[in-house]
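Please look through the sequence and the model below before reading on, and keep both at hand while following the explanation.

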Amino acid sequence: MIYTFSEYLEKKYGEKVYKLPVNLPFTCPNRDGTRGTGGCAFCGEEGAGFECLSSSLPVEEQLRINAELIHARYKAKKYIAYFQNYTNTYTDAHTLKKNLESACRDDVVALYISTRPDCLPDTHIDVLSQVQQIWDRDVVVEVGLQTANYHTLKALNRCHGLAEFIDAVIRLKKAGLGVCAHCITDLPMDDLHDVTETARILSALHVDQVKCHSLYILKDTVLGTLYEAGGFQPLTFSDYVTRIIAFIEHLDKNIAVQRIAGRAPDDRSLFCNWGMSWWRMKDAVELKMMKDGNFQGRLCDFS
């Protein structure tokens, strides 16, 4: 029905694999004035790393602490070092290489690096490729897109377009690196066609994975201010279910789906997931798919 990330990992590594978040003291070109200021309309000051350890800790120490916690709870043996917060290739090539090599513990089978499509120069892609070859670790680059609609990208203050994303994916794939695309399927500025077209583009580009975030609204963000003033309303949960199923049906069956919902810091959330847990949302989507005969790739026309 859905090619899940857990299924992909067990198939590739022979057992469950767990992500260990790494938080680096970086920022974003959309915050420091290089591309824009204020960040994306939905992004809080802490970025995506509200559950991460302090960025002041060395990479090795963050991995050690998180691995001990995960192992104690799940008896995990294999891990992914996930460079999660902000734009992790927004640094010089030497620093990027040093950070990645610091994460190559014996029990780390892959490195996942979250970034923007406009922060992947050829020099940095060369570093990622070298680390993959020399250290024999899978390297997957998680690239933020959110939507294929460039009008919506502008409204979100992403400060990049679809073209930059397509260019980055082509160059990453040519270098033999894995690609995971980040999307938000319930953006009110988009319609259902934008959602399915985004899935079609990802399928045509043969990305390896996709991570879908449901839109959350935080205090002290552009969307948060607009929401509190009554100028912005999230979609209904029913609309979200319709859209995520349409996205999945237009997505190539070989693309692993990391998630279909996001999470946000409780103390700063104005709206998140209609007050539901992520697993309740997942159950609702899968139940409707089962009832209606939906499945991943059913409407995908790319081979």
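The paragraphs that follow go through two helix pairs and then two individual residues.

This is a predicted model, and a convenient place to enter it is helix α6, which covers residues 162–174, together with helix α7, which covers residues 192–205. The axes of these two helices come within 11 Å and cross at roughly 25 degrees. Since angles under 35 degrees count as roughly parallel, α6 and α7 are therefore roughly parallel to each other, and their crossing is right-handed. On the α6 side the contact is made by Leu162, Phe165, Ile166, Val169, Ile170 and Lys173, while α7 contributes Ile201, Leu202 and Leu205. Sorted by class, the residues of this contact comprise eight nonpolar, no polar and one charged.

Helix α7 also packs with helix α9, residues 237–249, at an angle of about 30 degrees and with the two axes 8 Å apart. That angle makes α7 roughly parallel to α9, and here too the crossing is described as right-handed. From α7, the residues Leu192, Val195, Thr196, Thr198, Ala199 and Leu202 meet Thr242, Arg243, Ala246 and Phe247 of α9. The class make-up of the contact between α7 and α9 is six nonpolar, three polar and one charged residues. Leu202 appears in the contact of α7 with α6 and also in the contact of α7 with α9.

Attention now turns to single residues, beginning with Arg158, which lies in the loop between α5 (150–155) and α6. Is Arg158 buried or exposed? Its relative accessible area is 5%, and because buried means under 20%, Arg158 counts as buried. Leaving aside residues up to four places away in sequence, Arg158 touches Asn30, Cys40, Phe42, Arg116, Pro117, Gly144, Leu145, Gln146 and Leu153. One of these, Gln146, is 12 residues from Arg158 in sequence, with a C-alpha to C-alpha separation of 9.1 Å in space. The side chain of Arg158 also makes a polar contact of 3.0 Å with the side chain of His160.

The second residue, Asn294, is found in the segment after α10 (278–292). Asn294 is likewise buried, with a relative accessible area of 12%. When residues up to four places away in sequence are not counted, Asn294 touches Met1, Ile245, Glu249, Lys288 and Met289. With Glu249, Asn294 shares a polar contact of 3.4 Å between the two side chains, and Glu249 falls within the residue range 237–249 of helix α9.

Note on methods
Residues are numbered from 1 along each chain as its sequence is written. This is a predicted model: local features need pLDDT of at least 70, side-chain atom pairs count only at pLDDT 80 or more; totals for chains, interfaces and linings use all residues. Side-chain values use heavy atoms; hydrogens and water are left out. Helices (H or I, at least four residues) and strands (E, at least two) are DSSP runs, numbered from the N terminus. Buried means under 20% relative accessible area, exposed over 50%, partly exposed in between (1.4 Å probe, protein chains only). A polar contact is a pair of N or O atoms within 3.5 Å; within protein, one must be able to donate a hydrogen and the other to accept it, and residues adjacent in sequence count only if both atoms are side-chain atoms. Contact means heavy atoms within 4.5 Å. Axes are lines fitted to C-alpha atoms, for helices over the stretch in contact, and angles run from 0 to 180 degrees between N-to-C directions. Angles under 35 degrees count as roughly parallel, over 145 as roughly antiparallel, 65 to 115 as roughly perpendicular and the rest as oblique. A crossing is left-handed if the near helix is turned anticlockwise from the far one by less than a right angle, and right-handed if clockwise. Ala, Val, Leu, Ile, Met, Phe, Trp, Tyr, Cys and Pro count as nonpolar, Asp, Glu, Lys and Arg as charged, and the others, Gly among them, as polar.
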